[in-house]
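Work through the exercises below with the coordinates loaded. Try each task before reading its solution.

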Amino acid sequence: MTAEKKPLKNPEISVIVPVYKVEKYLNECIDSILAQTFTDFELILVDDGSPDNCPAMCDAAAQRDERVRVIHQKNKGLSGARNAGLDIARGNWIGFVDSDDAVVPTFYEKMHRAAVQSGAEMAVCDILGIDENGKKCPFQYDLLKNEVIDREEAIRRMKLTPYVHVTTKLYRKEVFEDLRFPVGKNYEDAYLAPEIFERVTKVAGVRERLYHYRINSGGIMKSKASPRNLCEVEANYAMFRCAEKHGKTDVLYFEYRMMKRIFRHDLRQLSAEERNDPLVGQMEELLAKAWESVRKHGAATLENRFHTLCYFISPQLYFDLKYGKS
């Protein structure tokens, strides 16, 4: 593993971009970061053993801008690539951008200002979904307000997409001091979300779609069905346990229903042979444990059922009913 172009001073923000087989989108991603109005940052490109032209594209970016540092490593997956970036990050703040996505020019300026002015350890913004050609997707949601919330309220909103995605946020470096992404797991953002929220006292919301998330047909959500996809149930169980710890019975019921919904969907995609995979039985056990907790805490109330149904119909409907129109 090599890391190049050490900066002369510590930057305010370290932006970590894992790179693997994204030759079509990589330059757009890099250019959107280098065009930021907030300029005091380092961009850490982690080439995760990409077999295409991405390694050379990363090196070319480092040649044209001294803020770019490049790591070349054997393939370790998304979590391993992000962890490699965290290990060398020097910024006071940490941001993550996926290499097939892009950010608007004011992304880090607005996120940094919101966090610093409020004394929050984390800022979060809304998402603009785009297709593979960069066109706006038909369904968009506004699930944030310009406000500062405490840890307890952040955990209550943990199920909302901007709060789950690691890329829609800016974090104080201390949040990741001894925290790393789970290597070998899909849905690593959901796995890590509860641990992140335990480490913050305040979260600053920025009601703008500053992060452009590309819905890629080659991504995890579109990949061939396999028992490994059931890991999403386990990832949601991590959020379930966090909600239980903090007495958030509405989130508790929601996460149980989400786990069950994911399990049924993924199970239908598996062959008869794959349904005998031990992972299927493990997820069934998690569902049973979750239901017992729901019953124990009396979480299956009519109100919680209603709000969960609203979310499944439309996250925007849920947000507007729960928090008022954005």
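The exercises go from the whole chain to strands, then to single residues; the model is a predicted one.

**Exercise 1. Overall dimensions**

Task: Compare the radius of gyration of the chain with that of a compact globule of 326 residues.

Solution:
- Start with the expectation. For 326 residues, a compact globule would have a radius of gyration near 20 Å.
- Take the value for the chain. It is 20 Å, which agrees with the globule.
- Add the box. Along the principal axes, the C-alpha atoms fill roughly 60 × 50 × 40 Å.
- Add burial. Of the 326 residues, 54% count as buried.
- Add contact range. Take contacts between residues at least 6 apart in sequence: 80% of them join residues at least 24 apart.

**Exercise 2. Surface and charge**

Task: State how much area the chain exposes and what share carbon and sulfur atoms supply. Then find how far apart the centres of the positive and negative side chains lie.

Solution:
- The exposed area is about 14,700 Å².
- Carbon and sulfur atoms supply 49% of that area.
- Count the charges: 49 side chains are positive and 49 are negative.
- The centres of the two sets lie 4 Å apart.

**Exercise 3. Strand pairing**

Task: The chain has 12 helices and 10 strands. Establish the sense in which E7 runs relative to E9 and to E10.

Solution:
- Begin with E7, residues 122–130, and E9. They are joined by 3 bridges and run antiparallel.
- Check the register. Methionine 122 stands opposite tyrosine 171. Alanine 123 has leucine 170 as its bridge partner.
- Move to E10, residues 202–214. E7 pairs with E10 over 9 bridges, in the parallel sense.
- One partner pair here is leucine 128 and histidine 212 of E10.
- Return to E9, residues 169–172. E9 is also joined to E5, residues 93–96, by 3 bridges, and these two strands run antiparallel.
- Leucine 170 appears again: glycine 95 stands opposite it.
- Finish with burial. E7 is largely enclosed by the rest of the structure, because 9 of its 9 residues are buried.

**Exercise 4. E2 and its surroundings**

Task: Decide whether the faces of E2 are covered or open, and identify what covers the buried residues of H1.

Solution:
- Count first. In E2, 7 of 7 residues are buried.
- Split the strand by side. Ile13, Val15, Val17 and Val19 lie on one side; Ser14, Ile16 and Pro18 lie on the other.
- Both sets are buried, and both faces are covered.
- Look for the strand partner. E2 and E3, residues 41–47, are joined by 7 bridges and run parallel.
- Isoleucine 13 has phenylalanine 41 of E3 as its bridge partner.
- Turn to H1. Its buried residues include Leu26, Cys29, Ile30 and Ile33.
- The cover over the buried residues of H1 includes E2 and E3. It also includes H2, E4 and E6.

**Exercise 5. A residue in E3**

Task: Classify isoleucine 44 as buried or exposed, and list its contacts beyond four places in sequence.

Solution:
- Place the residue: isoleucine 44 is in E3.
- The cut-off for buried is under 20% relative accessible area. Isoleucine 44 is at 0%, so it counts as buried.
- Its contacts in the E2 range are Val15, Ile16 and Val17.
- The remaining contacts are Arg69, Ile71, Gly85, Ile88 and Ala89.
- Check one C-alpha distance. Alanine 62, 18 residues along the chain, is 9.5 Å from isoleucine 44.

**Exercise 6. Positive phi**

Task: Lysine 21 and tyrosine 187 each have a positive phi. Find where each sits and whether it is buried or exposed.

Solution:
- Recall the background. Most residues other than glycine have a negative phi.
- Lysine 21 has phi near 55°. It sits in the loop between E2 and H1.
- Its relative accessibility is 52%, so lysine 21 counts as exposed.
- Tyrosine 187 has phi near 60°. It sits in the loop between E9 and H7.
- With a relative accessible area of 13%, tyrosine 187 is buried.

**Exercise 7. A residue in H7**

Task: Classify glutamate 195 by its accessibility.

Solution:
- Glutamate 195 is in H7, residues 188–198.
- At 40% relative accessibility, glutamate 195 is partly exposed.
- Its C-alpha atom is 8.2 Å from that of leucine 179, 16 residues away along the chain.

How values were computed
Residues are numbered from 1 along each chain as its sequence is written. This is a predicted model: local features need pLDDT of at least 70, side-chain atom pairs count only at pLDDT 80 or more; totals for chains, interfaces and linings use all residues. Side-chain values use heavy atoms; hydrogens and water are left out. Helices (H or I, at least four residues) and strands (E, at least two) are DSSP runs, numbered from the N terminus. Buried means under 20% relative accessible area, exposed over 50%, partly exposed in between (1.4 Å probe, protein chains only). The radius of gyration is taken over C-alpha atoms; the globule rule is 2.2 Å times the number of residues to the power 0.38. Contact means heavy atoms within 4.5 Å. Accessible areas come from the Shrake-Rupley method with a 1.4 Å probe; for residues, only the protein chains shown count as cover. Lys and Arg count as positive and Asp and Glu as negative; His and the chain ends are not counted. The place of a charge is taken as NZ of Lys, CZ of Arg, CG of Asp or CD of Glu. Two strands pair if DSSP finds at least two bridges between them.
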